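User: Hi! I have a model open on my screen and would like a close look at one part of it. Could you walk me through that part and then link it to what surrounds it?

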Amino acid sequence: MHQLELEIPFPSNRLAEIALQVVQVDKEVNVNRELKTRDNVFVIQLETEELKLLRTVVSSLLEHIDLIIQTMDQ
């Protein structure tokens, strides 16, 4: 089993909650994940059977979060 926890800080609790709500919509197949916020930090916990799948999911997720942040900045 391969696991990863990402902690992504946002300027405010509200923006971290918005990011959480946007990411919650997308479901990955064969991935156990837990999404939550801790104050202004968006916390993502991922678990997969295959390391390659974990890398792919993380890459996709980070691209998605980058787009969310760019949208918030506009």
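In which loop is the place of Asn-30?

Analyst: Happy to help! Asn-30 lies in the loop between α1 and β2. Please keep in mind that this is a predicted model. The mean pLDDT of the chain is 94, and 100% of its residues reach 70 or more. By element, confidence is lowest in α2, with a mean of 94, and highest in β3, at 97.

Let's begin with the backbone of Asn-30. Its phi is near 65°, which is a positive value in a residue other than glycine. Most residues other than glycine have a negative phi. As for its surroundings, Asn-30 counts as exposed because its relative accessibility is 64%, and the cut-off for that class is over 50%.

Asn-30 also has a contact with a strand residue. Glu-47 is in contact with Asn-30, and also with Met-1, His-2, Gln-3, Val-31 and Asn-32, when neighbours within four places in sequence are left aside. Glu-47 itself sits in strand β3. With a relative accessibility of 23%, Glu-47 counts as partly exposed. For one of these contacts there is a C-alpha distance too: Glu-47 and Asn-32 are 15 residues apart along the chain, yet 5.1 Å separates their C-alpha atoms.

Now follow the chain onward from the loop. β2 (32-38) pairs with β3 in the antiparallel sense, over 7 bridges. One of the bridge pairs joins Arg-38 to Val-41 in β3. The hairpin of β2 and β3 has 2 residues between the strands, and here you meet another positive phi: Asp-39 has a value of about 60° although it is not a glycine. Asp-39 is placed in the loop between β2 and β3. At 57% relative accessibility, Asp-39 counts as exposed.

On the other side of the Asn-30 loop is α1. This helix has 12 residues and spans 16 Å from its first C-alpha to its last, close to the 16 Å expected at 1.5 Å a residue. Its buried residues are Leu-15, Ala-16, Ala-19, Leu-20 and Val-23. Viewed down the axis of α1, they fall within an arc of 145°, so they line one face of the helix. These buried residues pack against β2, β3 and α2.

That brings us to α2, which has 23 residues and reaches 33 Å from its first C-alpha to its last, close to the 33 Å expected at 1.5 Å a residue. Buried in α2 are Leu-54, Val-57, Val-58, Leu-61, Ile-65 and Ile-68. They pack against β1, α1 and β3.

Finally, have a look at the core. The largest nonpolar core has 19 residues, and those with the most contacts inside it are Phe-10, Val-23, Phe-42, Ile-44, Leu-46, Leu-61 and Ile-65. Two or more residues come from each of β1 (2-9), α1 (13-24), β3 (41-48) and α2 (51-73). The largest share, 6 residues, comes from α2. For a single residue to zoom in on, try Ile-44: not counting residues up to four places away in sequence, Ile-44 touches Leu-4, Glu-5, Leu-6, Ile-8, Glu-34, Leu-35, Leu-61 and Ile-65.

Definitions and conventions: Residues numbered from 1 in each chain as written. Predicted model: local features only at pLDDT ≥ 70, side-chain atom pairs only at ≥ 80, totals over all residues. Heavy atoms only, no water. Core = buried A, V, L, I, M, F, W, Y, C linked by side-chain atoms within 4.5 Å. Buried < 20%, exposed > 50% of the residue type's maximum accessible area, 1.4 Å probe, protein only. Helix = DSSP H or I, 4+ residues; strand = E, 2+ residues; numbered from the N terminus. Contact = heavy atoms within 4.5 Å. pLDDT = per-residue confidence, 0-100. Expected span 1.5 Å × (residues − 1). Arc of directions from axis to C-beta. Pairing = 2+ DSSP bridges.
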